[in-house]
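Subject: Structure for your review

Dear colleague,

Please find the structure below, handed over for your own inspection. My notes on what was found in it follow directly after.

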Amino acid sequence: MPELNPILAEAPRENETGDMSRLLHSFFRWTGDEPAVTWIITRGRITIMKSQRIISPAPGTTPAAFTTILKPEAFSEISFSRWGINTGMSQPRPVVLSGPSGAGKSTLLKRLMKEFEDVFGLSVSHTTRKPRPGEVDGTDYHFVMRDKMERCIKAGEFLEHAEFSGNLYGTSKWAVKAVQEQNRICILDVDLQGVKNIKTTTINPIYISVQPPSLQILETRLRGRQTETEDAIQRRLHTARQDMEMSKEQGMFDEVIVNDDLEEAYLKLKDLLKEEIQKAESIRK
Ligand SMILES: Nc1ncnc2c1ncn2[C@@H]1O[C@H](COP(=O)(O)OP(=O)(O)OP(=O)(O)O)[C@@H](O)[C@H]1O
Ligand SMILES: Nc1nc2c(ncn2[C@@H]2O[C@H](COP(=O)(O)O)[C@@H](O)[C@H]2O)c(=O)[nH]1
């Protein structure tokens with residue numbers, strides 16, 4: 001990665017959409033790149049989108065709204081702040097982990113985050129389900145009432161949301177942003193509806209499915225966890241059957257990990273993510 005360019009000292013102030021041509025010209029001369037570009041500035045951060053033509057956002061346009069406007073033609077994104085640069089090339093991609101309830105997603109994630117504590121960050125979802133013993137509000141989930149969550153969904157605050165086993169679950173845009181602003185690999189643990197909905201967004205993650213070796217073993221694990229009522233177990237197993245079928249669909253996931261032996265599954269996950277881990281580590285140096 002090239003050295004930090006001194007022109008960044010001139011980065012404009014919050015919400016400023018003034019003449020950026022000099023700044024951009026120096027930046028692209030420095031990177032050797034000459035695309036048509038457009039940009040948005042918020043909280044000292046400038047996001048430059050390479051696109052077919054220049055679109056200037058109105059002052060005060062939020063990055064989320066702007067990304068939506070630009071989506072069809074943006075093919076790359078470069079963002080930098082007064083403190084550092086991340087190019088679209090080197091920024092690690094988020095990771096979406098999905099799979100039936102009880103397949104072992106959280107178990108694998110906890111291990112990954114323990115081994116690479118500064119590299120990964122979990123996107124903390126919102127849910128209307130009740131906390132399980134030991135679950136901490138704001139760490140495991142944001143536990144909220146349904147009416148509040150529905151209002152936030154209507155207000156456009158969620159990247160995706162789904163109804164799962166009688167409860168609402170969702171990823172807020174803020175949850176992903178909070179992790180990415182720390183230059184960490186953002187992990188999203190979502191159900192299959194979440195996967196489909198995320199595919200309509202611009203976050204461009206790696207999609208990994210964690211599957212149990214069989215439905216019988218899944219049931220044993222779900223029961224062994226002792227977190228669900230009999231009714232909830234039955235509903236989760238019903239959804240799991242569909243999930244296990246869908247995960248085989250061509251193009252749904254980049255990789256499928258069968259979590260039989262935990263150690264082997266973990267090594268496979270680590271291997272799949274090694275390039276992203278390297279990117280995140282080099283950005284953090
Ligand atoms: N490879 C494995 N072998 C045996 N038990 C496992 C294995 N992986 C996970 N488990 C156990 O299975 C149970 C379910 O795992 P976990 O809670 O990680 O699943 P999950 O996919 O995150 O479920 P949910 O989607 O409901 O959050 C846990 O009790 C966990 O200890
Ligand atoms: N679409 C979304 N699914 C989510 C989200 N957070 C979690 N989940 C999925 O829900 C089920 C059940 O989770 P549990 O904690 O009640 O066992 C599981 O498959 C998760 O992957 C979310 O934000 N969006």
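In ligand 1, an oxygen atom lies 2.5 Å from an N or O atom in the side chain of S106. Please bear in mind throughout that this is a predicted model.

Two further side chains make polar contacts of this kind with ligand 1. T107 places a polar side-chain atom 2.5 Å from an oxygen atom of the ligand, and for R225 the distance from a polar side-chain atom to an oxygen atom of ligand 1 is 2.9 Å. Taken on its own, ligand 1 has 640 Å² of accessible area, of which the protein covers 74%.

The shell around ligand 1 is made up of 14 residues, and the closest of them are S101, K105, S106, T107 and N259. By class, the shell of ligand 1 comprises six polar, five charged and three nonpolar residues. Two helices, helix 3 (105–115) and helix 7 (215–225), each supply at least two residues of this shell. Helix 3 gives the largest share, with three residues. As to its location, ligand 1 sits in the second largest pocket.

I turn next to ligand 2. There are 18 residues around ligand 2, and those that come nearest are S125, R129, Y141, Y169 and D189. Eight residues of the shell around ligand 2 are charged, five are polar and five are nonpolar. Strand 9 and strand 10 (167–172) each contribute at least two residues to the shell around ligand 2.

Which side chains come within polar contact of ligand 2? D189 has a polar side-chain atom 2.6 Å from an oxygen atom of ligand 2. In the case of D191, an N or O atom of the side chain is 2.8 Å from a nitrogen atom of ligand 2. R236 is a further case, with an N or O atom of its side chain 2.7 Å from an oxygen atom of the ligand. The accessible area of ligand 2 on its own is 510 Å², and the protein covers 95% of that area. Ligand 2, too, is placed in the second largest pocket, the pocket rank also given for ligand 1.

The strands named above lead to the sheet. Strands 9 and 10, which supply residues to the shell of ligand 2, belong to an open sheet of four strands with the order 8-7-10-9 and mixed pairing. At its edges are strand 8 (142–143) and strand 9 (158–164), each of which pairs on one side only. Strand 8 pairs with strand 7 (residues 126–127) in the parallel sense, over two bridges. Within this pairing, H126 has H142 of strand 8 as its bridge partner.

When you open the model, I would suggest viewing ligand 1 together with helix 3 and helix 7, and ligand 2 together with strand 9 and strand 10.

With kind regards

Terms used: Residues are numbered from 1 along each chain as its sequence is written. Chains are lettered from A and ligands numbered from 1 in the order in which they are written. This is a predicted model: local features need pLDDT of at least 70, side-chain atom pairs count only at pLDDT 80 or more; totals for chains, interfaces and linings use all residues. Side-chain values use heavy atoms; hydrogens and water are left out. A residue is near a molecule or strand if one of its heavy atoms lies within 4 Å of it. A polar contact is a pair of N or O atoms within 3.5 Å; within protein, one must be able to donate a hydrogen and the other to accept it, and residues adjacent in sequence count only if both atoms are side-chain atoms. Accessible areas come from the Shrake-Rupley method with a 1.4 Å probe; for residues, only the protein chains shown count as cover. On a 1 Å grid over the protein atoms alone, a cavity is a set of points where a 1.4 Å probe fits but cannot get out, and a pocket is an open set with protein on both sides within 12 Å along at least five of seven lines; lining residues have an atom within 4 Å of a point. A molecule sits in a cavity or pocket if more than half of its atoms lie within 2 Å of its grid points. Ala, Val, Leu, Ile, Met, Phe, Trp, Tyr, Cys and Pro count as nonpolar, Asp, Glu, Lys and Arg as charged, and the others, Gly among them, as polar. Two strands pair if DSSP finds at least two bridges between them.
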